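User: I am new to reading protein structures, and I would love a close look at one small part. Could you pick a sheet, take me through how its strands are arranged, and then place it in the wider picture?

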Amino acid sequence: MEKEQGLSRRNFLKLGAASGALAVGATAVSAGAIAKTLPAGKIKAALPKAKGPRLVIVGGGTSGLTIAKYAKKEYPKFDVVVVEKRDMYSSCFSSNLWYSGIINLEFLADHSFLDAARNNNYIYFNATVTGLDRSKRRLITNEGEIDYDFLVVAPGISYDYEKIGVKDVGVMTALRQTYPGGFVSPTEHVTIHRKVQEFEGGVFVQTVPSGNYRCLPGPYERACMIASVIKKNKIKGKVLVLDANPQITIKQAGFHAAFDELYKDIIQWMPSAAVTGVDVEKKIIHTEFDSIQFDDAAIYPNVRASTLIEQLGLMAPSTKSNQKEANIDTRYYNFVGDHRVYVTGDSRPHPYSKSANTSNSEGKYIAKVLAARAQGKEIPWESPRTVCYSMVDADPMEAISVSAGYDYDAKKDVITGFSKDTKLFEDRDEAKGKATLEWARGLYRDMFDA
Amino acid sequence: MDRRRFIKICAGSAAALSLGIPRVWAASYRDYPRALLTDIQGIPIKASSLGTEAAYLFHYPYKGLPCFLINLGKPAAANLALMSDPLGEESGPYNWPGGVGKTSNLVAFVAICTHQLSAPNKSISYMRYAASGSELAGTPGKIVCCAHGSVFDPVVGAKRVSGPATYPLLPVRLEYDPENDSIAANGMAGHQLIDQYFKSYKRDLIQEFGAGVYRENVGDTTMTQSLSHYSESIPAC
């Protein structure tokens, strides 16, 4: 593992020197001793020869899988390869529902990358990306190099612990392992699930970060799901929601109603309570005004684009994104100055909701962009849609929802905010509760089935 | 062969003629064995006895394929050129012939949402005809899908009104016998979606109908019941 990383780093250093954009991170490399084990960048990935323009997609999440399927449909000549580091899928979306027992793990994970690829005529390649040479149109992975005609990088998010005052790598590591955020990888979901099942009382802290974090309603929904377990099992405990924001960030009325009416003595919501540090051993979380003792926690730090974006030299300057997101065209998602490389999904710098439905609808549009550009054409911009449900009660299942679009300002070349047809459905009811499950099933069908 | 037959059927339609140019109707209707719509006792339903408040559910042409029968209470628009799945093998325009019945008030569609394939089963239906309106549709008389908010208008061939679906619900061709006031189904269009549906739901369909049974033709008759009778739960989005 270490060897591969060292090697790729070296490789990456070489590339970095050429592009000039990759100075960050390269200093820590001491790969000299490792270099002999493999001839850097000489191994071709074990893939059949491309039968058409090769579209390589990095990341098998909602964005990547949607684009893979629909790019092939839009332009059947594409030879599509999805490069995904996981060998087992499990969705981040809907994972909160598992904590309260509404769904089981199978609901999230009984979806195969192999089936998705077979059903939709592309290749799933189980590998980890380590480098990129845009001048040669070559992607470097731990399983060898892949030459591309078009590249989509959709690696999702990484956590940014520094923004919650955790700068020491040791503390960061302890925090990540002990009180995971639960918004990146399935193994975090498993840990949080266990925490909720084993919670015997006291204070369970759920933090809400500032910025454009993944799944705006997610932490509030999770608070409701944990509270529903506390309520059902009559545990003497509460969920303390430490919110960095002055207001609930979305579906405000719906969440407030749930907090007040369903979990009055269980959920305590503290606004403007940004985390400024955590003492992992003593179980103390610091905000600007308080130091709070807790019994268990899911600490959701701030969010940035996946570190892969930075590593591949695709990161925007801080003037353009304060979350280390990609430097891409606002409407067409290509890396600025390179029509062969695209960054999509939650690594995008747009103020879009970082959510599955946004990536799914965005992916269908990007598939059209890629198909058009492969044929030397351009198409008009389309807004993604954010349709998203939040479960606020587990028994009976009751949810609230939002359906949003976005507006583009051509003069300023920016997304200005939600479009006029955006609707909030904040009166919780069982109909939306049931629809919450079908919402997810629909996404799975769309990503994995023909 | 299906396409040829379809062109023949369409040849007389006003829509095809009004275009003034020869058209290839890309999404062809396919003829299926005629099935008379009956009630749950097997007695042919009387069109005049159908209510207008909600959809009826029947399976056609396969035992596992749910369709909506809707009494609009008013005439459906006739001879519309609608567009099928833009990414499907049969993408392109097709003719929506309109309603049947005494006042062309009866229409039928495959009850599978063309966005992400939500469909009624015995325990739940996320699809419904909201005759008197709904939170999602706003206006009355629309077919709504609770999963992601697609809304379709049955008066104009279940064309998409709003939401993420990109094309109409699939049409089921009906015939009306004025003498007996009875209704039969005899064809439909959009086979690709049906294939997708059967693949996607294979496990569920085997469980609900039995291995292979869901793909069998319904036979001479097909049972028609109110959606609320068929599905235990119908979320009212």
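Analyst: Happy to! Let's look at an open sheet in chain A, made of 3 strands in the order β12-β13-β14, with antiparallel pairing. Please keep in mind that this is a predicted model. Which strands sit at the edges of this sheet? They are β12, residues 275-279, and β14, residues 291-293, both of chain A, and each of these pairs on one side only. As you step from one strand to the next, the twist averages 20 degrees.

Now zoom in on one pair. Strand β13 of chain A covers residues 284-287, and 4 bridges join this strand to β12(A), the two running antiparallel. To find your place in the picture, look for Asp279(A): opposite this residue stands Ile284(A), which belongs to β13(A).

Let's step back to the chain around the sheet. The domain assignment splits chain A into domain 1, which is written in two stretches, 2-158 and 305-374, and domain 2, which runs over 162-302. Compare that second range with the residue numbers of the edge strands, 275-279 and 291-293, and you can place them for yourself.

How do the two domains meet? In chain A, 16 residues of domain 1 are in contact with 21 residues of domain 2. On the domain 1 side, helix α3(A), residues 95-99, gives the most, with 5 residues. By type, that side of domain 1 of chain A holds 6 nonpolar, 8 polar and 2 charged residues.

Chain A also touches a partner: 19 of its residues are in contact with 20 residues of chain B. Two elements of chain A give two or more residues to its side of this meeting place, namely α2 (62-74) and α12 (430-448). Of these, α12(A) supplies the largest share, 10 residues. The side of chain A that touches chain B divides into 7 nonpolar, 3 polar and 9 charged residues.

Finally, a quick look at that partner. Chain B has 5 helices and 14 strands. Of the 237 residues in chain B, 46% are buried. Among the contacts in chain B with a separation of 6 or more, 64% are between residues 24 or more positions apart.

So, if you would like a route through the picture, start at Asp279(A) and look across to Ile284(A), follow the order β12-β13-β14 in chain A, then move out to the contacts between the domains of chain A, and end where chain A is in contact with chain B.

Terms used:
Residues are numbered from 1 along each chain as its sequence is written. Chains are lettered from A and ligands numbered from 1 in the order in which they are written. This is a predicted model: local features need pLDDT of at least 70, side-chain atom pairs count only at pLDDT 80 or more; totals for chains, interfaces and linings use all residues. Helices (H or I, at least four residues) and strands (E, at least two) are DSSP runs, numbered from the N terminus. A residue is buried if 20 or more other C-beta atoms lie within 10 Å of its own, exposed if 12 or fewer, and partly exposed in between; C-beta atoms are placed from the backbone. Two residues are in contact if their C-beta atoms, placed from the backbone, lie within 7 Å. Domain bounds come from an automatic or database domain assignment. Ala, Val, Leu, Ile, Met, Phe, Trp, Tyr, Cys and Pro count as nonpolar, Asp, Glu, Lys and Arg as charged, and the others, Gly among them, as polar. Two strands pair if DSSP finds at least two bridges between them. Axes are lines fitted to C-alpha atoms, for helices over the stretch in contact, and angles run from 0 to 180 degrees between N-to-C directions.
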